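Please open the model in your viewer and keep the selection panel at hand. The tour below moves from one selection to the next and says what is found at each stop.

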Amino acid sequence: MRITLRLVVALLVTAALLAAGFTFLEIRSERERLAHDLEGRARILAESLEEPLAEALALQELDRLHRLVTRFGNRQRLSALAVYDSTGASIAATPGLSSWRFGAHEQAGAAASQNRSIAAFQRDGAASVHVFTAPLHHAGRTIGAVVLFHDASYIDARLTRIWRDRFLLLLIQAVVITLTTILVVRWSITGPIAKIAEWLKGLRLGDADRPLALPRSGVIGPLAAEVVHLAQSLVTARAAAEEEARLRARQQAVWTPERLREHVREELGGRALYVVSNREPYMHVRNGRVIECRVPAGGVVTALDPVLRACGGIWIASGSGDADRDVTGPDARLPVPPQEPAYTLRRIWLSKEQEEGFYYGFSNEGLWPLSHTIHVRPEFRLRDWVEYREVNELFAETLLDELKAESEPLVLVQDCHFALLPALIKRQRADARVALFWHIPWPNPEAFEICPWKQEILQGLLGADLIGFHLQYHCNNYLATVERLVEARVDWAEFTVERGGHVTRVRPFPISVPFPAPASSAGGERERLLHDLGITCRWLGVGVERIDYTKGIPERFLAIERLLERHPEFIGQFTFVELGAPSRTHIKRYHDLVAEVEQLAARINWRFETKRWKPIVFLKAQHGHDTIRQFYRAADVCLVTSLHDGMNLVAKEFVAARDDEDGVLILSRFAGASQELTDALVVNPYDIEETMTALVQALRMTPQERVARMRRLRQVVREHNVYRWGAELVRGLARLGPVAPAPEEERMPALGA
């Protein structure tokens, strides 16, 4: 209330001062205008009387002069009229007018002697009188003056009325300002603050699911946003502490950001961690005139952002957002995350040619299909390989610049985009400890031999001190490939490769997701989602991924079609929502896949849909994490049917999001996650009948079995979360023994060979 009162008083004082100032200026202008008008009328009247008065005065026709003065002295607002000779002596005047009144004789003498008109305002008691004196001329000489006395009290009345009107207007404004201020303050400030206080009280008392229904814009918007971020952090910390306490009571422990932070501090001894990846953890894009900060989808970002948040360091990545340059300083560095900066993002700018050859060409049309056994022919082009090498060298140069002041730096390289980087780093910084994590499968030796530059890639990777894969199976494939194609000693007992005195360790590190999952919105997601989609159904299925030919989306849709053919009781009852993020669409295979998926969904919907229901809802867009979590929590079944995948974090994200311990996961046996999530319904995605059967089993599963399976799945993800993955990877990197320089690179064939 005191804030409102102070605000009202401040507004009223300001309004009063402004009103007084503007009124003063208005009155001064109005006074000048009225005086100018009055003087103009007096001048016109004086000029019209000059000739007869001057003639009568020159001929000394005093009777005529008195008649003229008497005749014209009773005009509107003209109080009196007088004629004086050139010495200022009164000759004729309106009856009752004293010659000395207002010093008229002196003003007349001055006007006659100076041969000019004189105007002045005089006071007659409370009244105001305008005195105007004009010289009289006859035969080319000044013979006297005429003085006109006008009643100017109407000017004072006009100015007084203006003051009164402005005061009444100010009074009305004061009432309006007071009421408006009270309403606006209560609506925009005190009301929302009261809601925030009530919401925080609910959080303190344990009501973590109640949403904060406040606008995220306007006066209270930034405060509300920060309060939400703070509250979410507190809720997450409380959940982690409670989980830690429960597990400690059972003499177990769960990995949390806090535990990871302490572990990293102990393992690294305060040294920074340098991460290199193609995908940046935060990108800035334009939405109209507003620049938004978004978190790109993908396993690399999901897995590594919590690690960097926990331990700090520098993440080097290529800038991909259309507004990245606008928010990055001249040194291309940016503190992230935006709300709570914990580490530094160093952006590298790639040309269109570099991005085309390095990323879309060699990485995605060459190595990607080569590593995924899905019968898509890899394409290797010399120009792509040239760009791939140049970009690896560019990243190496940037990383070495960051490492100048660091002794025995710890470097973590991500994925197939930088196979050459470990050797490039080790040749310049032999003291660096370099680990590379390969996020996609590693093919068998026969398949890898397809690559024309297999030797260069293997030599680049062997510059690393530690190479990580998701599964032991991928480690075995890699060692078999090295043993077959490189002159090196492979130790299958220790899973190491020794070449030129340098030892590379190969280990499995199954990647995971944060657990507990970020806080979700309040209940009722399912009803809201179905309402927004414009459908009704009993069972809801969901799939989430990039639109990629490795994800088995067409096979999944065919299984749904088969379900409706074989079990018509699900028609009108089961809807599957595919959240597909378009990716690499200017590559023909990906472009064709989008069209294939759209056409397949349209054909199946045409066969079975009704007015208020359709079997498949294909939402093709870049979906935010909050939207995805809502679908995870609302779904009865989640389908992850990759044809071949290193891990697939969607399966683990779905499990982590289900804090209601409900829902069924159908998982491809060719996704790495199937090695851990054994309580999922594991299927062969190529077998449409088997996937259809698993769908029937999931939809008919009893609540008791769903809960039992989900509890066991959540226990796996809880114990093997991303913080544990980060801890094990950092531990493996930090505890490397004395490192030797990478072996000198064998002479590579010419690029045209």
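Begin by selecting Phe358, Phe362, Phe380, Trp385, Tyr388, Phe395, Phe418 and Trp453, which together form one aromatic cluster. Keep in mind throughout that what is on the screen is a predicted model.

Next, select residues 352-371, which make up helix H9. Following the axis of H9, you come to serine 363, where the helix bends by about 40 degrees. Colour H9 by accessibility, and the helix turns out to be mostly covered, with 16 of its 20 residues buried.

From here, go on to the aromatic pairs, of which there are 23 in the count for this model. Select phenylalanine 437 and tryptophan 725, whose rings form an edge-to-face pair with 5.3 Å from centre to centre and 85 degrees between the planes. Phenylalanine 437 belongs to strand S13 (residues 433-437) and tryptophan 725 to helix H22 (residues 722-734), so this pair ties together parts that are 288 residues apart in sequence. Are these two rings buried or exposed? Phenylalanine 437 has a relative accessibility of 0% and therefore counts as buried, and tryptophan 725, with a relative accessible area of 2%, is buried as well.

Now select tryptophan 442 and phenylalanine 469, an aromatic pair that is also edge-to-face, with the centres 6.1 Å apart and 75 degrees between the planes. Tryptophan 442 sits in the loop between S13 and helix H12 (445-448), while phenylalanine 469 is part of strand S14 (residues 466-469), so the pair ties together parts that are 27 residues apart in sequence. Both partners are again buried: the relative accessible area is 2% for tryptophan 442 and 1% for phenylalanine 469.

Leave these rings and turn to helix H1, which covers residues 2-58. Within H1, select leucine 12, which counts as partly exposed because its relative accessibility is 27%, and buried would require under 20%. Which residues does leucine 12 touch, if those up to four places away in sequence are not counted? Show Ala174, Ile177 and Thr178, and you have its contacts. You may also draw a C-alpha to C-alpha distance from leucine 12 to leucine 171, which gives 9.6 Å in space for two residues that are 159 residues apart in sequence.

Staying in helix H1, move on to leucine 18, which at 47% relative accessibility also counts as partly exposed. Add Phe22, Phe24, Leu25 and Trp163 to the selection and show the surface, since with Leu18 these residues make a nonpolar surface patch of about 550 Å². Helix H1 gives the most to this patch, with four residues.

Finally, zoom out and show the whole protein, which has 22 helices and 23 strands. Of its 753 residues, 50% count as buried, and the accessible surface comes to about 35100 Å², of which 53% belongs to carbon and sulfur atoms. If you display the contacts between residues with a separation of 6 or more, 71% of them are accounted for by residues 24 or more positions apart.

Methods
Residues are numbered from 1 along each chain as its sequence is written. This is a predicted model: local features need pLDDT of at least 70, side-chain atom pairs count only at pLDDT 80 or more; totals for chains, interfaces and linings use all residues. Side-chain values use heavy atoms; hydrogens and water are left out. Patches are made of residues with over 30% relative accessible area and no salt bridge: like charges are joined within 9 Å, nonpolar side chains (Val, Leu, Ile, Met, Phe, Trp, Tyr) within 5 Å. Accessible areas come from the Shrake-Rupley method with a 1.4 Å probe; for residues, only the protein chains shown count as cover. A salt bridge is a side-chain nitrogen of Lys or Arg within 4 Å of a carboxyl oxygen of Asp or Glu. Helices (H or I, at least four residues) and strands (E, at least two) are DSSP runs, numbered from the N terminus. Buried means under 20% relative accessible area, exposed over 50%, partly exposed in between (1.4 Å probe, protein chains only). The bend at a residue is the angle between axes fitted to the seven residues ending there and the seven starting there. Contact means heavy atoms within 4.5 Å. Rings of Phe, Tyr and Trp (its six-membered ring) pair if their centres lie within 6.5 Å; planes under 30 degrees apart count as stacked, over 60 as edge-to-face and the rest as tilted.
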